[in-house]
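Visitor: Hi, I'm new to this one. Could you walk me through it while I look?

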Amino acid sequence: MDRLDGPARLMIVSDLDHTMVDHHDPENTSLLRFNALWESLYRHDSLLVFSTGRSPTLYKQLRSEKPMLTPDITITSVGTEITYGDSMVPDEGWVNVLNQKWDRNVVLEETAKLPQLKFQSETEQRPHKVSFYVEKGHAQDVISSLSDRFEKRGLDVKIIYSGGIDLDILPQGAGKGQALAYLLKKFKEGGKPPINTLVCGDSGNDAELFSIPDVYGVMVSNAQEELLQWHAEHAKENTKIIHASNRCAAGIIEAIGHFGLGPNTSPRDSSDILVSKLDNFNPSHEVVKFYITYERWRRAEAEKSDLLIQSLKHICHPTGIAVHPSGVEHSLHECIDTFGPHYGDKQGKQFRVWLDRVFTSQIGSTSWLVKFDKWELTDDGRHCSLTTILLNSEPGNPGAFSLLHVHQTWLEGFAARCQNDWIF
């Protein structure tokens, strides 16, 4: 909550499955486009919030499977749990809100009387959420019966049906929308309400997000009929909500541009990435571009040219040093020289590179320190290194800079795989 000095320029609140994450795209193309856009242009002054129906267990499983960024805030279990940062510190205030008028034992007693309900896995049963599967043909009758039963027991609950099979029972004050409303109120009370908020979803349990006043909303092109129907019945005249023409994360990028919330051209959208420049020097943008170039070189998606190698050498200071995780130091020019023989060595193989948690600090009039997690996805698995880069900008020449120092430390148990090659 305190990472930013002032209000977030943009807060994106996005569902995960089939919204931020496209399970029909094995290359994760749109997700990687969003990652590059966010880390290069938004991370420093904006907030990323994931809002998912998944439990923390299944959320962490998804993160281990897909090239996802680390959000600032995570809303899990259909809005019943709010946590902060990579360590997922729980919001105790939200827990106290949900404890009011909630009796999980009564929910279990009444649902046990309906044989159409089948429990979801144990990981999906949470303190403020009881989850079942129910066939679509039985859903309305089951929901009606449960509503009557809970009313007779004096229990005020919320029943959410989504995806044509998932039925979740929550406290009345819970849900993705209420969790977002709670966060917005908390930011406002702290004097830092986001300047703009964009909510993103594809299914019925996302509908509440779009009902929050004064937010922008995007239903991705692959949104399910249940969400489109809700929109037609309740928000058809709301010009702040669009049905994107693109799937998943690409639809989110589309919405950023449609509503004029900020730049929506990802560094991955440029075919000649080293040539593309911003009007003002942005160290995050330059570092993201550098590693996309590295990925494309090894995937043979960049032209094999000595000019590219020379361009990379040109941005490395002649006395620049790279520190390998093993502790060995080499000149940056020597490191760049190792690029050449590796051209296309990952062609036709699984190989993606993305940066996460890119944070910059200005340490001199033209000097910047950039820290980030550099991830690689290969046929051998996922590997991460904590990377620190020192670079200098060139006054009067936007986009021009010199790379002075690179230091990497292997994370995620990658130390055993460490080798003394100098590929970045």
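Visitor: Let's jump right in. What is the bridge partner of F132 in strand 9?
Guide: That's L167. Keep in mind that this is a predicted model.

Visitor: And which residue in strand 9 is the bridge partner of S131?
Guide: S131 has D168 as its bridge partner there. Both pairs belong to the contact between strand 7, residues 130-133, and strand 9, residues 166-171.

Visitor: How many bridges join those two, and do they run parallel or antiparallel?
Guide: 4 bridges join strand 7 to strand 9, and the two run antiparallel.

Visitor: What about strand 6, how does that pair with strand 7?
Guide: Also in the antiparallel sense, over 2 bridges. For instance, K118 has Y133 in strand 7 as its bridge partner.

Visitor: What order do the strands of that sheet come in?
Guide: It's an open sheet of 4 strands, in the order 6-7-9-8, with antiparallel pairing. Strand 6 (118-119) and strand 8 (157-162) are at the edges with a single partner strand each, so one side of each has no neighbour in the sheet.

Visitor: What holds paired strands together in general?
Guide: Strands of a sheet pair through backbone hydrogen bonds, in a parallel or an antiparallel way.

Visitor: Okay, new topic. I can see another sheet; what's the strand order in the one with 8 strands?
Guide: That open sheet goes 5-4-3-2-1-10-11-12, and its pairing is mixed. Its edge strands are strand 5 (89-90) and strand 12 (241-243), each pairing on one side only.

Visitor: How do strand 1 and strand 2 run, parallel or antiparallel?
Guide: Parallel: 4 bridges join strand 1, residues 11-14, to strand 2, residues 47-51. One pair to look for is I12, whose bridge partner in strand 2 is L48.

Visitor: Which strands does helix 6 lie across?
Guide: Helix 6 (residues 176-189) lies across strand 1, strand 2, strand 3 (73-76), strand 4 (81-84) and strand 10 (197-201), and it runs at about 45° to strand 4. Helix 8 (residues 225-234) packs on the sheet too, touching strand 10, strand 11 (216-219) and strand 12. The direction of helix 8 makes about 135° with that of strand 11.

Visitor: Which residues does UniProt list for a domain?
Guide: An unreviewed UniProt entry lists residues 9-260 as "domain: Sucrose phosphatase-like". That span is 38% helix and 19% strand, and its end C-alpha atoms lie 12 Å apart.

Visitor: Last thing, cavities. How many of 30 Å³ or more are there?
Guide: The count comes to 3. The largest has a volume of about 80 Å³.

Visitor: What lines the largest cavity?
Guide: Its lining includes L32, N35, R268, Y291 and W354. Helix 1 (29-41), helix 10 (283-298) and strand 15 (351-362) each give two or more residues, and helix 1 gives the most, with 4.

Visitor: And by class, how does that lining break down?
Guide: There are 8 nonpolar, 1 polar and 2 charged residues in the lining of the largest cavity.

Definitions and conventions: Residues are numbered from 1 along each chain as its sequence is written. This is a predicted model: local features need pLDDT of at least 70, side-chain atom pairs count only at pLDDT 80 or more; totals for chains, interfaces and linings use all residues. Side-chain values use heavy atoms; hydrogens and water are left out. Two strands pair if DSSP finds at least two bridges between them. Contact means heavy atoms within 4.5 Å. Axes are lines fitted to C-alpha atoms, for helices over the stretch in contact, and angles run from 0 to 180 degrees between N-to-C directions. On a 1 Å grid over the protein atoms alone, a cavity is a set of points where a 1.4 Å probe fits but cannot get out, and a pocket is an open set with protein on both sides within 12 Å along at least five of seven lines; lining residues have an atom within 4 Å of a point. Grid points are joined across faces, edges and corners, and a volume is the space filled by probe spheres set on the points. Ala, Val, Leu, Ile, Met, Phe, Trp, Tyr, Cys and Pro count as nonpolar, Asp, Glu, Lys and Arg as charged, and the others, Gly among them, as polar. UniProt positions are given in the numbering used here, feature names are shortened, and annotations may be inferred rather than shown by experiment.
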